[in-house]
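This report looks at the pockets of one protein chain and at the packing of a pair of its helices. Please keep the structure in view while reading.

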Amino acid sequence: MSYQEYIQLNRSQMVQTLKDLIKMDTKQSRPFKTKEGEIYPFGKGVGEAFNYLLKAAEEMGFEVENVDNYGGHIDMPGYILDEEGDIERTGAYTLGILAHLDVVPEGEGWKVDPFGAVEKDGKIYGRGTQDDKGPLVCALYAMKALKDSGYVPAKKVRLIVGLDEETGWEGMDYYFRYMPKPDFGFTPDAEFPVISGEKGILTFKLAKKIQKTKDKGLELRSISGGAAPNMVPASARAVVRAEDKEVYEKIKDKASAYRDNTGNRINIKGVGKSLEIVAMGKSAHGAHPEEGLNAISILMDFLKDIYFVNEDVNQIIADYVEYIGMKTKVAGATFNVGQVQGDDESITLTVNVRYDVDKTDEDFYSSIQPVIEKLDVGLIKERHQKPIYFKEDHPLIKCLMKVYQEETGDYESKPLVIGGGSYARAMDNAVAFGALFPGDEDRMHQKDEYISIDNLEKLCSIYAKAIYELTKDEEMSFE
């Protein structure tokens, strides 16, 4: 029986495995200690999903490794066979497939339970269906289909499972301290046909202190918004306080006029003796902020016409509107204010930036430094991922393009350079390969994320073909 037939045979099992994983809330949380004393560094849901996956893979007949619950792998051994079909020796190279189980926070506005694995109209809905549980499951079942069909790869196939890709990559760093890096590979965590380049990614904070004032009037008690730096915030909230309740009525009137004039959503309600102002936007992936509507920017735009007793607060809001506003590009780079947090002592913005593959992080920081100095804002660098780039004639790019073209019949699409960041950066000679098809709706990091069941089967076939092409020969190392 061919591996394609095994994929169809395993279709229902593959769907069930994905559903089981979607039902586990795997956004990162505090470390969790089990009754047996085992530590899950990234939270209970992540740890339980990881152990579920390893157990499922083991039951399929694969070798598995758990590296202290920071990450692990699922192995399909590679052997060189003699003319009689007997094992002559172990293959010298390893193909790595890097995927992740963690997800970004679910956010607001879902029509279904984001962890309910709802199946409707041939689709499975849930956080992680596209990014990255669905593609991970497809890669696993591609390995299973090849194994069940009797295929013996000439290189080891290692599916590496990451657990905090959406946050800090601590797990992958820990994993590679104890495990060797594969010789080459791909990650099913982006788009087709293949990703030849990924822009550099920066995450940093902009912080400004607020001086105390003894004057009486409208106060900003708190401001908050955003679920993660790499998500366009769908909501943002400010809590204000005044002794004169007529001020609240004026704010409500301003909100009504603002909605009429801009079409942006601003909701006002009393909370005790305070007034809550909530701005609603539209979530999107931080790599494509132009596809969303930043609720923090909406909130700041509304607040600019409200006078606070503290001049520092007024100045911070005015500076935000002038220098950031609704921009999604700053200094030639993709720019997303993903989070805001503040009170009457300070306000901090968390910013996510994607810069071009021919630039450096210092190019960006140098370009914004004059504004930082002018505004007297503290800049705290948090995370940097350097860009990666492969020419279109690189052997790995050529091979994966050939697989994609033969499986889909699409000979028009070209290799892409994207703003997203994938595990391809975690090792040498790796690129992102799928799993979003050209023209398909991108719901990654957005509400109502879904994947079609037909696409699951199609993905499984593509990844099986890729594994076969990349491991059928002993010599192909892609160095």
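Which strand gives the most to the lining of the largest pocket? In this predicted model, that strand is S22, with three residues. Strand S22 (378–385) is joined by strand S12 (190–191), strand S14 (200–209) and strand S21 (346–355), each of which supplies at least two residues of this lining. The space in the largest pocket amounts to about 610 Å³, and of the 35 residues that line it, those closest to the centre are Glu165, Glu166, Thr167, Asn230 and His445.

The second largest pocket has a volume of about 410 Å³. Of its 22 lining residues, Leu206, Tyr323, Ile324, Val371 and Leu375 are the closest to the centre, while the elements that give two or more residues to the lining are S14, helix H8 (311–323), S21 and helix H9 (361–375).

The table sets out the linings by residue class.

| Pocket | Nonpolar | Polar | Charged |
|---|---|---|---|
| Largest pocket | 12 residues | 12 residues | 11 residues |
| Second largest pocket | 17 residues | two residues | three residues |

The helix pair is H10 (residues 395–408) and H11 (residues 453–471), whose axes come within 10 Å and cross at roughly 140 degrees. This angle is why H10 counts as oblique to H11, and the crossing of H10 past H11 is right-handed. On the H10 side the contact includes Leu396, Cys399, Leu400 and Val403, and on the H11 side it includes Ser461, Ile462, Lys465 and Ala466. By class, the residues of this contact divide into seven nonpolar, two polar and four charged.

Conventions
Residues numbered from 1 in each chain as written. Predicted model: local features only at pLDDT ≥ 70, side-chain atom pairs only at ≥ 80, totals over all residues. Heavy atoms only, no water. Axes fitted to C-alpha atoms, helices over the stretch in contact; angles between N-to-C directions. Helix = DSSP H or I, 4+ residues; strand = E, 2+ residues; numbered from the N terminus. Parallel < 35°, antiparallel > 145°, perpendicular 65-115°, else oblique. Left-handed = near helix turned anticlockwise from the far one by under 90°. Contact = heavy atoms within 4.5 Å. Nonpolar A, V, L, I, M, F, W, Y, C, P; charged D, E, K, R; others polar. 1 Å grid on protein atoms, 1.4 Å probe; cavity = no way out; pocket = protein on both sides within 12 Å on 5 of 7 lines; lining within 4 Å. Points joined across faces, edges and corners; volume = space filled by probe spheres on them.
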